[in-house]
Amino acid sequence: MTKLLVVEDEPAIALGLRNDLTLEGYFVEVAGDGETASRRARETRFDLILLDIMLPRKDGFAVARELRRAGVKTPIIFLTARAQEAEKVFGLELGADDYVTKPFSPMELCARIKAVLRRTAGEHPEICRFGSVEVDFVRRLVRRSGTPCDLTPLEFNVLATLIQARGRPLSREQLIAQVWGNGVSITDRVVDNHIMNLRRKLEDTPAEPRYLVSARGLGYRFEDAEENLTET
């Protein structure tokens with residue numbers, strides 16, 4: 001499911017956006033201030049961020065600047081009541097992908113979201129290979145030495161999340177937020193069990209994993225230091 005981060009400090013607008021976008025089939029998380037938005041966008045892989053400019057604690061421009069400097073490439077659509085050309089140019093130069101001026105219709109917003117997602121779809125690989133394993137993100141299939149692996153949907157999501165982090169360690173809390181979602185009561189042990197199952201199904205030596213490795217004191221990471229990962 002496509003994951004959106006909606007950053008809006010007006011509760012009524014935020015609720016309306018969540019409801020409209022959920023009906024369109026998106027998974028929606030809402031942040032009510034700039035600092036929370038910046039932190040969540042760095043912790044979690046979202047497919048797109050809807051970012052209001054006038055925010056408490058840190059404005060939308062500062063959030064966009066901070067994310068781009070941190071290497072976060074998630075597409076950003078600014079939501080603004082101000083439509084001056086200079087402001088739009090400034091936002092685009094910061095790394096935004098589009099602007100939507102308030103008030104806007106749900107149809108227009110959804111069209112803009114789909115257009116940006118289409119433009120940026122090529123930034124993520126459709127297939128990744130490491131060792132004898134092939135992961136097809138589009139079909140949600142995993143093969144090992146050409147034979148399909150029987151992964152559960154949650155196991156696939158854990159694997160995909162680790163691969164797409166590209167070697168960056170993810171804590172158990174981050175994996176829970178990205179795979180299960182916020183507000184879900186999941187223990188660290190559940191995460192550990194999913195990692196053990198993935199190692200058993202994908203690693204040559206599960207007790208000494210080569211790819212799904214533990215990051216001491218941090219959590220887990222996908223290890224591709226030996227350039228075993230390829231993309232198509």
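This is a short walk through a predicted model, stop by stop, with something to select at each one.

**Stop 1: Asp33**

Start by selecting aspartate 33, which you will find in the loop between β2 (27–31) and α2 (34–43). Is this residue buried or exposed? Aspartate 33 is buried, because its relative accessible area of 11% falls under the 20% cut-off. Now show its side chain and bring up the backbone of glutamate 35: a polar atom of the aspartate 33 side chain sits 3.1 Å from the backbone nitrogen of glutamate 35. To see what else is around, set aside the neighbours within four places in sequence; aspartate 33 then has contacts with Val7, Pro56 and Arg57.

**Stop 2: Arg57**

Follow the last of those contacts and select arginine 57. Its place is the loop between β3 (48–52) and α3 (60–69). The side chains of arginine 57 and aspartate 33 meet in a salt bridge, at 3.7 Å from N to O. Aspartate 33 belongs to the β2–α2 loop and arginine 57 to the β3–α3 loop, so this pair ties together parts that are 24 residues apart in sequence. The two partners sit in contrasting surroundings: aspartate 33 counts as buried at 11%, whereas arginine 57 is exposed, with a relative accessible area of 58%.

While you are here, look at the backbone of arginine 57. Its phi is near 75°, a positive value in a residue other than glycine. Most residues other than glycine have a negative phi.

**Stop 3: Ser145**

For another positive phi, select serine 145, where the value is near 55° and the residue is again not glycine. Serine 145 lies in the loop between β8 (141–144) and β9 (147–148). Why does serine 145 count as exposed? Its relative accessibility is 59%, and the cut-off for exposed is over 50%.

**Stop 4: Glu8, Lys102 and Pro103**

Next, select glutamate 8 and lysine 102 together. They form a salt bridge, with the closest N and O atoms 3.0 Å apart. Glutamate 8 is in the loop between β1 (3–7) and α1 (11–23) and lysine 102 is in the loop between β5 and α5, so the pair ties together parts that are 94 residues apart in sequence. Glutamate 8 counts as buried, at 2% relative accessibility, while lysine 102 counts as partly exposed, at 21%.

Step along the chain from lysine 102 to proline 103 and check the peptide bond: it is cis, with omega near -5°. Most peptide bonds are trans. Proline 103 is in the loop between β5 (98–101) and α5 (106–120).

**Stop 5: more salt bridges**

How many salt bridges does the structure hold? There are 19. One to pick out is arginine 221 with glutamate 223, whose closest N and O atoms are 2.8 Å apart. Arginine 221 is partly exposed, with a relative accessible area of 25%. Then select Glu29, Arg39, Arg40 and Glu43 as a group, since salt bridges link them in a network.

**Stop 6: helix α7**

Colour residues 172–180, which make up helix α7. This helix is mostly covered, with seven of its nine residues buried. Which residues of α7 are buried? They are Gln174, Leu175, Ile176, Ala177, Gln178, Val179 and Trp180. Show the surroundings too: the cover over these buried residues includes β1, α2, α6 (153–164), α8 (188–202) and β11 (219–222).

**Stop 7: where α6 crosses α8**

Two of those covering elements, α6 and α8, deserve their own view. Their axes come within 10 Å and cross at roughly 85°. That angle is within the 65 to 115 degree range, and α6 and α8 are therefore roughly perpendicular to each other. For the side of α6 that takes part, select Leu154, Glu155, Val158, Leu159 and Leu162; in α8 they meet His194, Ile195, Asn197, Leu198, Lys201 and Leu202.

**Last stop: the cysteines**

Finish by looking for disulfides: a search of the whole structure finds zero. Cysteine 149, for one, is in no disulfide, and the nearest cysteine sulfur, belonging to cysteine 128, is 15 Å away. Cysteine 149 is buried, with a relative accessible area of 17%. Select cysteine 110 as well, which counts as buried at 8% relative accessibility.

Note on methods
Residues are numbered from 1 along each chain as its sequence is written. This is a predicted model: local features need pLDDT of at least 70, side-chain atom pairs count only at pLDDT 80 or more; totals for chains, interfaces and linings use all residues. Side-chain values use heavy atoms; hydrogens and water are left out. Helices (H or I, at least four residues) and strands (E, at least two) are DSSP runs, numbered from the N terminus. Buried means under 20% relative accessible area, exposed over 50%, partly exposed in between (1.4 Å probe, protein chains only). A polar contact is a pair of N or O atoms within 3.5 Å; within protein, one must be able to donate a hydrogen and the other to accept it, and residues adjacent in sequence count only if both atoms are side-chain atoms. Contact means heavy atoms within 4.5 Å. A salt bridge is a side-chain nitrogen of Lys or Arg within 4 Å of a carboxyl oxygen of Asp or Glu. A disulfide is a pair of cysteine sulfur atoms within 2.5 Å. Axes are lines fitted to C-alpha atoms, for helices over the stretch in contact, and angles run from 0 to 180 degrees between N-to-C directions. Angles under 35 degrees count as roughly parallel, over 145 as roughly antiparallel, 65 to 115 as roughly perpendicular and the rest as oblique.
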